[in-house]
Amino acid sequence: MKITFRWYGSGSDSVTLSQIKQIPGMTGLMGFLDYKAAGEVWTQEEIAAYIDEVHAAGLECEVIESVNVHEDIKMGLPSRDRYIENYCTTIRNLAKFGVKVIVYNFMPVFDWLRTDLARVIPEDGSNSLYFDEAELGCMGPLDIVRSTIENSNGFSLPGWEPERLAELETTLKRYERITPDELRANYKYFLDGILPTCEECGVVMACHPDDPAWPIFGLPRIAHSQEDFDKIVKLHDSPCNTVCLCTGSLGSNPDNDIPAIIRHFGEMGRIGCLHVRNIKHLGPHKFREAAHLSETGDLDMYAIMKAVHDTCPDTYIRPDHGRMIWGEVGRPGYGLYDRALGATYLNGLWEAIDKNKKRG
Ligand code: DNO
């Protein structure tokens, strides 16, 4: 297992590479060029500048996150071929710089969605990302976008880039006519278009689940359960077609048994990487993000790490969203302190599982 950290690049992140390097056991990043719009080619110069800086700090960059899929691909518009071609160029460019895994998602319009980016946790005064479908009920898609941008402490948020939201209303209207099966067919077209390039370059695609793990605003969503991912890995049968197993996204639905899902896809060799975090369920379609420690939420982190150790021990893991603690101001979910605590805790679980196994 390689423990990694998400980093947005100099000037776009409150966390520095030297801070990340000082987290015990940290091997590298799940990197991201946050200024790239969906559909654009990530050029070799841009990738080199980012990755050289990461290497100079003594960190690896074998995973890249959020190479976003253009809406025209998801909607199956004729212009999709051009964007698929661009995507293949980006894959080739990333591979040249040692990237082995690309994390992406196939959620229409929105990436992750929350109704509050800083809900205070009464027990200790820290705050974390929070979702309540009842609150969403009185907000339209534009309201939620506006409040998310306003409350992101001046940082752009993954999936909420202003360019992608400019045509929000038109895009939402177009999706009204697209069924989940049609979205899946468009997804297959995309995978058929890019996976031969991945096989050629030795790059694995890892699909991030819908977050939260159910449809929102009536949009079709097709990646939020074991059954959904069973269909996805069969859309184009290739070892390069894998899952980014995000415990918090799938875990927002208590019906998803996360350790069992990890074992299922781990045994198939279809886990490209994992995002590991904890969730506290507060009611139907209502949750907040908790500290990584099992007892602070509803996910069993020991069982999760054991499933990884048993079925896909060579994978990449990053501690996912942290709470804001100790007065830190940063990108919601992506401060330094709580994610560093999470990394240390996950490393501790790993060491215990590993030594226990070796001692028989
Ligand atoms: C949220 C992240 C996601 C993820 C994308 C991948 O915090 O886990 O934004 O990076 O869905 O495309």
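## Two helices side by side

Helix H12 (residues 258–267) and helix H13 (residues 301–311) pack with their axes within 9 Å of each other, crossing at roughly 10°. Angles under 35 degrees count as roughly parallel, and H12 and H13 are therefore described as roughly parallel to each other. On the H12 side, the contact is built from Ile-258, Pro-259, Ile-262, Arg-263, Gly-266 and Glu-267. H13 answers with Ala-303, Ile-304, Ala-307, Val-308, Asp-310 and Thr-311. Please keep in mind that this is a predicted model.

## The chain as a whole

Let's step back to the full chain. Its secondary structure comes to 14 helices and 12 strands. The C-alpha atoms fill a box of roughly 55 × 50 × 40 Å along the principal axes. For 360 residues, a compact globule would have a radius of gyration near 21 Å, and the 19 Å of this chain agrees with that.

Buried residues make up 46% of the 360 residues. Among contacts with a separation of 6 or more, 75% join residues 24 or more positions apart.

## The barrel

Eight strands close into a barrel, and you can trace it in the order S1-S2-S3-S4-S7-S8-S9-S12 with parallel pairing. From one strand to the next, the twist averages 30°.

One pair to look at is strand S9 (residues 271–276) with strand S12 (residues 316–319), which run parallel and are joined over three bridges. Within this pair, His-275 stands opposite Arg-318 in S12.

## The nonpolar core

In soluble globular proteins, nonpolar side chains tend to be buried together. Here the largest nonpolar core has 96 residues, and Ile-102 and Ala-206 are the ones with the most contacts inside it. Helix H9 (residues 180–201) gives the most to this core, with seven residues.

Ala-206 is a handy residue to select in your viewer. Setting aside neighbours within four places in sequence, Ala-206 is in contact with Val-101, Ile-102 and Val-103, with Thr-242, Val-243 and Cys-244, and with Gly-272 and Cys-273. Ile-102 therefore appears twice in this picture, as a contact of Ala-206 and as a core residue with the most contacts.

## The open sheet

Apart from the barrel, four strands form an open sheet in the order S5-S6-S11-S10, with antiparallel pairing. Strand S5 (116–120) and strand S10 (278–283) are at the edges with a single partner strand each, so one side of each has no neighbour in the sheet. Ignoring direction, neighbouring strands of this sheet are turned by 35° against each other on average.

Walking across the sheet, S5 pairs with strand S6 (residues 127–132) over three bridges in the antiparallel sense, and Ser-128 in S6 is the bridge partner of Arg-119. Next, three bridges join S6 to S11, again antiparallel, with Phe-131 partnered by Phe-287 in S11. Finally, S10 and S11 run antiparallel and share five bridges, where Lys-280 stands opposite Arg-288 in S11. Strand S11 (residues 286–290) is mostly covered, with four of its five residues buried. The hairpin of S10 and S11 has two residues between the strands, and there His-285 takes a positive phi near 50°.

## Backbone details worth a look

Where does the backbone do something special? One spot is the peptide bond from Asp-211 to Pro-212, which is cis with omega near 0°. Pro-212 sits in the loop between strand S7 (204–208) and helix H10 (226–235). Phe-217 is also placed in the loop between S7 and H10, and this residue has a positive phi near 50° without being a glycine. With 16 C-beta neighbours inside 10 Å, Phe-217 counts as partly exposed.

Ser-66 also has a positive phi, about 60°, although it is not a glycine. Ser-66 lies in the loop between strand S3 (60–65) and helix H3 (71–75). Is Ser-66 buried or exposed? Ser-66 is buried, with 23 other C-beta atoms within 10 Å.

Conventions:
Residues are numbered from 1 along each chain as its sequence is written. This is a predicted model: local features need pLDDT of at least 70, side-chain atom pairs count only at pLDDT 80 or more; totals for chains, interfaces and linings use all residues. A nonpolar core is a set of buried Ala, Val, Leu, Ile, Met, Phe, Trp, Tyr and Cys residues joined through C-beta atoms within 7 Å. A residue is buried if 20 or more other C-beta atoms lie within 10 Å of its own, exposed if 12 or fewer, and partly exposed in between; C-beta atoms are placed from the backbone. Two residues are in contact if their C-beta atoms, placed from the backbone, lie within 7 Å. Two strands pair if DSSP finds at least two bridges between them. Axes are lines fitted to C-alpha atoms, for helices over the stretch in contact, and angles run from 0 to 180 degrees between N-to-C directions. The radius of gyration is taken over C-alpha atoms; the globule rule is 2.2 Å times the number of residues to the power 0.38. Angles under 35 degrees count as roughly parallel, over 145 as roughly antiparallel, 65 to 115 as roughly perpendicular and the rest as oblique.
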